[in-house]
Amino acid sequence: MTIEQQRLDDPAWRQWGPYVSDRQWGTVREDYSSNGDAWNYTTHDMARSYTYRWGEEGIAGFCDDKQQLCLALALWNGKDAILKERYFGLTNSEGNHGEDVKELYYYIDNTPTHSYQRMLYKYPQAAYPYQQLIDENRRRTRQDPEFELLDTGLFDNDRYFDVFVEYAKVRPQDILMCVTIHNRGPEAADLQVLPTLWYRNTWIWGDDSDGVPSQKPGLSLQPDGTVLAEQVQLGRYIIQAYDQPEWLFCDNESNLERLYNTHIGARYPKDGIHNYVLFGWETVNPQKKGTKAAARYKLTIGAGESATIRLRIYAETTDNPNFLPNFDELVATRKTEADEFYTHVHPAQATADEKLVQRQAFAGMLWSKQFYYYDVTRWLAGDPNSPPPPPERAKGRNHTWPQLINAGVISMPDTWEYPWYAAWDWAFHCVTLAVIDPGFAKDQLMLLTNEWYMHPNGQLPAYEWSFSDVNPPVHAWAAWRIYHMELERKPPGEEDMPFLRGIFHKLLLNFTWWVNRKDESGNNIFEGGFLGLDNIGVFDRNAVLPDGSHLEQADGSSWMAMYALNMMRIALELAQHDPIYDELATKFFDHFLYIAGAITNIGETNTGLWDEQDAFFYDQIRMSDGSVKRMRVRTMVGLIPMFAVEILDDQLLRQRAPFLKRMEWFQTHRPDLYNQVSRYTETGVSEKRLLSLLRGFRLKSLLSKVLDETEFLSPHGVRAVSKIYRDHPYEFTLDSTTFRLAYTPAESDSGMFGGNSNWRGPVWMPLNYLMIETLERFYDYFGDAFTVEYPIGSGQQITLKDVASELMNRLISIFTIDENGRRVTFGQHPKYQDPHFRDYVLFYEYFDGDNGRGVGASHQTGWTGLVAELIDRKYDSLQ
């Protein structure tokens with residue numbers, strides 16, 4: 001085991017990490033408005049002066065796991081109108097394609113225990129163009145591209161600083177911060193660098209529901225030049241800033257005069273350091289104490305030269321010496337240990353560039369772990385020491401989730417555009433994180449299903465904008481996938497049955513909620529709204545339809561068929577240790593068959609979701625009189641039925657006689673259902689059994705669209721919508737209203753769902769990942785004898801395993817350097833060919849369906865981090 005692997009078993013090494021969000025302003029938690037307009041209730045302009053209730057933000061932030069004491073970086077180039085303490089971006093209404101961070105920063109390295117981590121922020125030497133970015137994006141339409149920071153020309157002559165931030169732990173409570181600044185410009189340039197510490201404000205609210213004491217903590221300069229940090233629960237910490245900077249102090253309390261034109265409040269408020277540095281105002285405490293402090297370094301860095309700043313924060317204990325003469329050596333040691341850890345993670349056969357991509361994908365995911373705090377009851381009612389919220393809030397957003405109290409470290413999609421969890425994103429995160437930290441991945445799944453998250457009725461919270469929305473139920477799949485990944489690395493007898501048993505029982509509640517709440521007619525056809533796919537529908541799939549009509553969804557029903565199979569497989573595994581689970585496995589098998597019968601039925605009424613004429617699955621509207629209107633539009637919705645597939649070993653079934661007997665009963669007594677699914681009584685390769693919504697001919701029918709480059713197959717994965725709708729948009733009429741869906745390969749051309757989330761053409765990593773896994777499972781059953789044409793029209797027949805490998809290569813190629821020396825994820829901007837840009841990878845939310853360019857959130861390594869697992873899988877499949 002490497003040194004980092006040994007640390008994984010010691011919780012102390014996880015106490016401190018990158019748990020500070022990139023953005024707290026504009027979040028639901030900080031919104032106390034009457035109309036729920038979170039983006040405008042707390043703004044970027046307010047943020048430097050406004051004390052947050054529920055969390056903190058910063059550049060390259062680092063804190064303890066309760067976010068009591070935070071450390072981050074502030075910068076000033078002498079020209080900006082604002083001290084750079086946080087990243088700037090556009091709100092949902094300001095961006096022509098929705099919200100968007102307008103900064104250049106990259107997560108380069110991180111270990112699971114955060115013993116070593118590194119990131120890069122690119123800071124212009126000219127004044128930051130805040131208003132230009134707002135004005136130009138507002139001017140542009142949704143048919144125009146976004147106006148980005150590189151488009152302003154600020155970086156054209158290399159007049160910028162590369163600011164590298166490293167953290168290295170000497171011990172679990174002894175942390176080194178190393179900031180190295182490179183002047184990439186042609187002339188010497190001035191820069192002020194201010195490593196900043198502050199306590200999250202827990203003292204003014206009159207509440208300590210997150211377990212953090214409400215007594216006011218303190219930071220104070222000591223005679224020896226160090227700063228003492230004191231807080232009741234966290235204890236005493238010492239901060240050493242090397243090379244004798246100027247220490248500045250204020251309080252993490254709102255500047256009420258600036259925000260609300262009142263003269264009460266803190267004498268040295270939160271923006272005191274900003275006002276002192278930029279304007280020389282007397283807004284820092286001359287007594288050198290407060291709850292926020294910054295070590296101010298004034299630098300002049302020559303052209304092509306660099307400077308380094310060092311800071312240390314450590315617990316005042318006998319284990320931590322007061323003086324470290326070997327600071328740089330210790331940072332280098334932790335970097336070497338990180339290298340050793342990832343040498344054992346990377347596939348040996350992977351190229352150097354694939355290893356770079358994989359390591360940065362893991363880094364992005366680990367940097368996006370965030371302390372997340374949200375107590376819905378407290379948020380709705382307000383705090384004892386604060387004005388009461390407007391009465392409209394009592395029945396406003398999330399009021400039906402009074403039990404939800406979240407306070408812990410969570411894997412986030414990213415920490416600027418999505419500084420809040422999303423239930424199905426979270427499942428995909430866990431699968432990737434299980435490659436490097438299976439314990440954390442399992443704990444995260446258990447966290448989402450505990451009583452502080454799950455609704456009493458069994459629903460999982462979707463995301464803070466609306467916990468009651470519905471995300472695809474992929475958590476049983478993730479649990480089984482993680483269990484199986486870990487099983488492959490452990491000797492027999494070390495299976496983590498407590499985890500599998502625990503998650504199974506929690507998901508039983510959630511499965512029951514789905515059955516009771518999302519099957520409108522009781523016919524095993526499920527709804528769910530947009531189900532995470534946002535605007536993939538012809539119209540808003542969350543909308544209430546007139547006259548008692550409702551939408552029956554191919555994806556909602558298919559996710560449930562997949563859910564039933566996942567739960568069945570987990571129950572069979574548990575039954576190997578306790579036969580009581582045989583009955584539950586049988587119950588989920590029954591669910592699968594009844595859902596399959598409803599989805600694929602092509603009887604006299606032809607009311608199933610399978611369309612025999614087009615050989616495709618479609619959504620349909622069930623009218624109040626019982627008739628149906630089918631929406632014959634080819635989207636990813638019609639491909640999701642492929643994902644409901646499970647392969648069982650015949651030997652396992654022979655050991656589970658009650659389950660096998662039930663399978664055979666359906667063949668004899670319910671041939672109508674048996675004939676709608678794969679022939680699970682017939683064994684395939686290596687005596688395997690296939691459970692699937694699809695028989696071979698239906699699988700080939702769907703793949704004839706998936707593998708057609710004029711439809712779903714793009715050079716870099718599978719599109720969300722068929723490309724045929726580019727020139728021939730689909731139209732559907734309901735109640736005299738005509739709805740239209742066109743193929744849009746990149747940014748959304750409508751404001752539906754905020755505009756920056758587009759499922760009408762781009763490539764999305766999570767569903768492509770499931771597609772690959774699905775093809776591999778079918779191959780396990782059919783073997784080499786089952787081939788398909790790839791791509792359609794080529795005349796080339798290949799196996800499903802080879803199709804999966806080809807899709808993997810297309811997805812990986814989004815990030816790796818191509819034959820022209822480019823990474824297609826960056827698009828065509830020439831600056832990304834610069835050696836100081838090219839090898840810092842961004843993992844976007846989704847990708848242009850025509851050219852693979854990254855679109856949407858630029859740092860959503862969350863589920864896009866699946867590419868790290870795909871690189872592993874690529875080389876496993878070659879063995």
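# A guided look at the predicted chain

Student: Is L531 buried or exposed?
Tutor: The model under discussion is a predicted one. In that model, L531 has a relative accessible area of 0%. A residue under 20% falls in the lowest class, and therefore L531 counts as buried.

Student: Where is L531 found, and what is its phi?
Tutor: L531 belongs to the loop between α13 (497–517) and β20 (550–552). In general, most residues other than glycine have a negative phi. L531 is not a glycine, yet its phi is positive, at about 50 degrees.

Student: S736 also has a positive phi; is S736 buried or exposed?
Tutor: S736 is not a glycine either, and its phi is about 70 degrees. The residue is found in the loop between β29 (730–734) and β30 (737–741). Its relative accessible area is 76%. The class above the upper cut-off begins over 50%, so S736 is exposed.

Student: Which residue in the hairpin of β29 and β30 takes a positive phi near 50 degrees?
Tutor: Strands β29 and β30 run antiparallel and are joined by five bridges. The hairpin has two residues between the strands. The residue with a positive phi near 50 degrees is D735.

Student: Which residues form the uncovered face of β29?
Tutor: One face of β29 is covered, and that face consists of Y730, F732 and L734. A residue of the other face, E731, stands opposite R740 in β30. The uncovered face is made up of E731 and T733.

Student: Which peptide bond is cis, and what is its omega?
Tutor: In general, most peptide bonds are trans. The bond that joins Y790 and P791 is cis, and P791 has its place in the loop between β31 (787–789) and β32. For this bond between Y790 and P791, omega is about -20 degrees.

Student: Which residues does T799 touch, leaving aside those up to four places away in sequence?
Tutor: T799 is placed in strand β32 (residues 797–799). With a relative accessible area of 10%, T799 is buried. Leaving aside residues up to four places away in sequence, T799 touches Y779, D784, F786 and T787.

Student: How far apart in space are I871 and K355, C-alpha to C-alpha?
Tutor: I871 lies in helix α23 (residues 866–876), where it is buried with a relative accessible area of 0%. Beyond four places in sequence, I871 touches P347, E354, V357, Q358 and I812. I871 and K355 are 516 residues apart in sequence, whereas their C-alpha distance in space is 8.4 Å.

Student: How far is N92 from N40 in space, C-alpha to C-alpha?
Tutor: N92 is found in the loop between β4 (89–90) and β5 (100–101). At 25% relative accessibility, N92 counts as partly exposed. N92 and N40 are separated by 52 residues in sequence, and from C-alpha to C-alpha by 9.7 Å.

Student: How many of the residues of helix α10 are buried?
Tutor: Helix α10 covers residues 423–433. Among its buried residues are W424, D425, W426 and H429. The helix is largely enclosed by the rest of the structure, because the number of its eleven residues that are buried is eleven.

Student: Which strands stand at the edges of the open sheet of nine strands?
Tutor: The strand order of this sheet is β6-β7-β8-β9-β17-β13-β12-β11-β15, with antiparallel pairing. An edge strand has a single partner, so one side of it is left without a neighbour in the sheet. The strands at the edges are β6 (104–110) and β15 (289–290).

Student: Which residue of β17 stands opposite Q240?
Tutor: Strand β13 (residues 235–241) pairs with strand β17 (residues 306–315) in the antiparallel sense, over five bridges. Opposite Q240 in β17 stands R312.

Student: What is the radius of gyration of the chain?
Tutor: The chain has 23 helices and 34 strands. For 879 residues the globule rule gives 29 Å, and the chain comes close to this, so it is as compact as a globular protein of that length. Its radius of gyration is 28 Å.

Student: What percentage of the residues in the chain is buried?
Tutor: The accessible surface of the chain comes to about 30,400 Å², and carbon and sulfur atoms hold 48% of it. Of the 879 residues in the chain, the buried share is 66%.

Notes: Residues numbered from 1 in each chain as written. Predicted model: local features only at pLDDT ≥ 70, side-chain atom pairs only at ≥ 80, totals over all residues. Heavy atoms only, no water. Helix = DSSP H or I, 4+ residues; strand = E, 2+ residues; numbered from the N terminus. Rg over C-alpha atoms; globule rule 2.2 N^0.38 Å. Buried < 20%, exposed > 50% of the residue type's maximum accessible area, 1.4 Å probe, protein only. Areas by Shrake-Rupley, 256 points an atom, 1.4 Å probe, with all protein chains shown as cover. Pairing = 2+ DSSP bridges. Contact = heavy atoms within 4.5 Å.
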